[in-house]
Amino acid sequence: MSTFLYSHRTCVLHDPGDVHPECPGRLEAVLNGLNEDDFKSLKRHEAPEIDLRLVKLVHTSDYVEKIVARSPEKGRVQLDADTSMSSHSVEAARRSSGAAVEAVERIIAGDAKNAFCAVRPPGHHAESTKAMGFCLFNGAAIAAFHARINHGLDRVAVIDFDVHHGNGTQNSFEQEPNLFYASSHQAPAYPGTGKESDTGSGNNICNAPLPPGSGSKEFKSVYTNRILPALKNFEPELIIISAGFDAHSKDPLAQLNLETDDYGWVSEQILELASKCCDGRVISILEGGYNIQALRESVQVHVRALLDA
């Protein structure tokens, strides 16, 4: 079986502003990197627009309708200090989440072994009633609920190695013991959530905060000793990765010191576990990463791991 790649031109057209770190050039760099010869075997698909009824598995109807209604015909609408919408943003967010949901469909059907969703805007900060942290719709959480509710999977896990804690995903999962969320992230850092003491209603939350300045050794330690054992104990039937690459030493928005190869290592570890517990069923969704070259190279090692799984 193949690795599927989902993206769409509209995800590039989402424009949060000229000096915004979550810029269109991020996705252009990722896609250019995945056009190199090493990635010819990727099966490329356009990300579909998600049915808004599926978005409402995670977000309230009032929130979804407000986001759609506020979509500007031109210019931008500011949702908070960091998060804005341009005329293409709602469609881009629908395609970002649509990619994740379509990947669930294809992997459960057995058409793909795994998938990477090269999309933006990111999603893991979006809460049920609030856009924040550059995020509008939480694609990882939507995909997890879709797999559980519409495909009958008992246990779905999200692993988040973005440098920022995915508060939106944790909030959606905390009272859902058959959904598991694990995050490695810098602390203190935005958004100020993700305490190690947060465990969820069914011991289904596993946070591994890392102090500023932490690097490969500390990162590998929390995965080897905490996150991967907790994931194995959960016995997921599907693993979704919130793949943020902003813990890289070159990234301007935080102070962790991972190197490109660390993303290859963590990807291989997750995929190896997936091969044993859920037939290798893994969906990865692009989240953060704001140094363009580091992002491109980190995504490349991540997708190579998916191809080699």
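These are my notebook entries on a predicted model, taken in the order in which I looked things up.

**Entry 1, the sheet.** I began with the strands and found an open sheet of 8 strands, paired in parallel, whose order is β2-β1-β5-β10-β9-β6-β7-β8. At its edges stand β2 (43-46) and β8, each with a single partner strand, so one side of each has no neighbour in the sheet. I also noted that neighbouring strands are turned against each other by 15 degrees on average, direction ignored.

**Entry 2, the two edges.** At one edge I looked at strand β1 (residues 2-7), which runs parallel to β2 and is joined to it by 4 bridges; here Phe-4 stands opposite Lys-43 of β2. At the other edge, strand β7 (residues 179-186) and β8 run parallel and are joined by 6 bridges, and I wrote down Leu-210 of β8 as the bridge partner of Gln-186. Is β8 buried or exposed? I found that 5 of the 6 residues of β8 (residues 205-210) are buried, so the strand is largely enclosed by the rest of the structure.

**Entry 3, a helix on the sheet.** I then turned to helix α9 (residues 260-277), which packs on the sheet and touches β5 (112-117), β6 (156-160), β9 (238-243) and β10 (282-286). The direction of α9 makes about 170 degrees with that of β9.

**Entry 4, the core.** Nonpolar side chains tend to be buried together in soluble globular proteins, and with this in mind I looked up the largest nonpolar core. It has 95 residues, of which Phe-116, Phe-161, Tyr-223, Ile-239 and Ile-240 touch the most other members. Helix α5 (residues 89-108) gives the most to this core, with 8 residues. For Phe-161 I listed contacts beyond its neighbours within four places in sequence, among them Ser-184, Phe-219, Tyr-223, Ile-241, Tyr-263 and His-302.

**Entry 5, two helices that cross.** How do α2 and α10 lie relative to each other? The axes of helix α2 (residues 24-33) and α10 come within 9 Å and cross at roughly 40 degrees, and the two helices are therefore oblique to each other. I recorded the crossing of α2 and α10 as right-handed. On the α2 side the contact includes Gly-25, Ala-29 and Val-30, and on the α10 side it includes Leu-295, Arg-296 and Val-299.

**Entry 6, one residue of α10.** Last, I looked at Gln-293, which is found in helix α10 (residues 292-308). Gln-293 has a relative accessible area of 43%, so I noted it as partly exposed. The C-alpha atoms of Gln-293 and Asp-251 are separated by 9.7 Å, although these residues are 42 residues apart along the chain.

Conventions. Residues are numbered from 1 along each chain as its sequence is written. This is a predicted model: local features need pLDDT of at least 70, side-chain atom pairs count only at pLDDT 80 or more; totals for chains, interfaces and linings use all residues. Side-chain values use heavy atoms; hydrogens and water are left out. Buried means under 20% relative accessible area, exposed over 50%, partly exposed in between (1.4 Å probe, protein chains only). Two strands pair if DSSP finds at least two bridges between them. A nonpolar core is a set of buried Ala, Val, Leu, Ile, Met, Phe, Trp, Tyr and Cys residues joined through side-chain atoms within 4.5 Å. Contact means heavy atoms within 4.5 Å. Axes are lines fitted to C-alpha atoms, for helices over the stretch in contact, and angles run from 0 to 180 degrees between N-to-C directions. Angles under 35 degrees count as roughly parallel, over 145 as roughly antiparallel, 65 to 115 as roughly perpendicular and the rest as oblique. A crossing is left-handed if the near helix is turned anticlockwise from the far one by less than a right angle, and right-handed if clockwise.
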